[in-house]
Structure formats: structure tokens, C-alpha cells
Amino acid sequence: GVKSIAFYLKNQENVTIEGNGSTLMLHGRISPFIIDGGKKITIKGFTVDYEKAFYLQGRVVSSTESYLDLALLPQNEYYFDGTTLVQKIGDAEVRFDENAPSLWQAFDAEKKRVLRDSQCRVVRFSAPAPDQTEKELFFVEEIAPKTLRIYGKEMQEFPVGAEIVFYGEKRNANTVFASGVN
């Protein structure tokens, strides 16, 4: 298929891209940098952001052993198709269900780093009343506008105030993809 790329560097040598503190704001499905071969390539001094995020993010407002409540960021666009959570990204949609494993990562918002020794987890969202013996199986419902209750096993490991990011899109547009670079 067609792939959109902002900067494509093929077999380049001694290249530095300096952003001087700027933000590269991207729109839609686009890879900022593809580096295909080459030597001594440096990319520095800027951040990459997307007009619309390809993930859902929120802050834990309560947690128990069996569920947590997550207040989503205001810019997150989503709806429910029956019991399936669906994220809207422009004209595209990402479905969070049993057939589409998602990645889930927790962060310590105060310290601005990954929560303790939290690892990125693969999770699946299911229909109501999931088999609670599977740690990666979750059920989600909306309990208030922009607030989700997510049921699962060992949810107390996510304390109030933690930030959780989860995404289900199989992205082919990473921030930087490099292959064959020395």
C-alpha cells in the first residue's frame, strides 16, 4: 500500500536534522522519519506530535482489585458500538475488542516516566462478564461522559493519578523507523 513519509533518507551519510526546539505537527497517518541505510545520521531538537492521537489516554480516578475508572483526556474521540469501544481518528476508526489485541502502558504522571516497573501489556477488551482468570482480558463501559470503567484482574496495581495509554491501531507510521543504519 501507499505510505506517507515526511522525511525519507536513503543511503545518506553525515546528516543532522536539527529542530531547534520546534514541534513537528503531523496530520493523519504519516511516518515522520524513515531512514533506509546510511551512516552517522542524527535527528535532534524537536518533538513530534499528531493533530489527532492514535491512542486513548486518561488518568486513573479510582481503582480496586477488579476495576479502575479512567477519566479520558478531552481530545479523545470515541463511541460504543454495542459493548465495543471504538476510537475515532478523523475518518478512521480503531476497535478495541477480543479480536484486536491492544497495547496498554501505565505512567507515573508526577514523575513523567513509566509507572514503577510497569511493562507495556497486550490486552484484549471483551463483551460483558469476561473470564477474570485471564490477566489480559478486560471489559469496558462508560460510566459518565469521558469516563470509562475498565474491569480486569489485578487492577489495583494502577494507583489513582496514574496515566494510562492504550492503542489498538496496528501502526505502520512510527516516529522514526531505521533499517541498515550504522
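The points below concern two sheets, one buried aspartate and two asparagines in a predicted model.

1. The parallel sheet. Three strands make up an open sheet whose order is E1-E2-E14, and the pairing within this sheet is parallel. Strand E1 (5-26) and strand E14 (176-181) occupy the edges, and because each has a single partner strand, one side of each is left without a neighbour in the sheet. Averaged over neighbouring strands of this sheet, and with direction ignored, the turn of one strand against the next is 10°.

2. The pairing of E1 with E2. Strand E2 covers residues 31-50 and runs parallel to E1, the two being joined by 16 bridges. For a reader who wishes to locate this pairing in the structure, one place to look is Val15, whose bridge partner in E2 is Ile41.

3. Two asparagines in E1. Asn14 lies in strand E1, and its phi is positive, at about 55°, although Asn14 is not a glycine. Asn20 is likewise placed in strand E1, and here too phi has a positive value, near 55°, in a residue other than glycine. As to accessibility, Asn14 counts as exposed because its relative accessibility is 58%, where exposed means over 50%; Asn20, with a relative accessibility of 67%, also counts as exposed.

4. The antiparallel sheet. A further open sheet has three strands in the order E5-E6-E7, with antiparallel pairing. Its edge strands are strand E5 (78-81) and strand E7 (92-96), each of which pairs on one side only. Neighbouring strands of this sheet are turned against each other by 30° on average, again with direction ignored. Strand E6 (residues 84-89) runs antiparallel to E5 and is joined to E5 by four bridges; among the pairs, Asp81 has Thr84 as its bridge partner in E6.

5. The buried aspartate. Asp108 is found in strand E8, which comprises residues 102-108. Which side chain of opposite charge is nearest to Asp108? That side chain belongs to Lys111, 4.5 Å away, and Asp108 is buried yet has no salt bridge; the cut-off for a salt bridge is within 4 Å.

6. Polar partners and contacts of Asp108. The side chain of Asp108 reaches the backbone nitrogen of Glu110 at 3.0 Å, and also reaches the backbone nitrogen of Lys111 at 3.0 Å. Lys111 therefore appears twice in the description of Asp108, through its backbone nitrogen and as the nearest side chain of opposite charge. When neighbours within four places in sequence are left aside, Asp108 is in contact with Arg113, Val114 and Leu115.

Key. Residues numbered from 1 in each chain as written. Predicted model: local features only at pLDDT ≥ 70, side-chain atom pairs only at ≥ 80, totals over all residues. Heavy atoms only, no water. Pairing = 2+ DSSP bridges. Axes fitted to C-alpha atoms, helices over the stretch in contact; angles between N-to-C directions. Buried < 20%, exposed > 50% of the residue type's maximum accessible area, 1.4 Å probe, protein only. Lys, Arg positive; Asp, Glu negative; His and termini not counted. Polar contact = N/O pair within 3.5 Å; in protein donor to acceptor, adjacent residues only side chain to side chain. Contact = heavy atoms within 4.5 Å.
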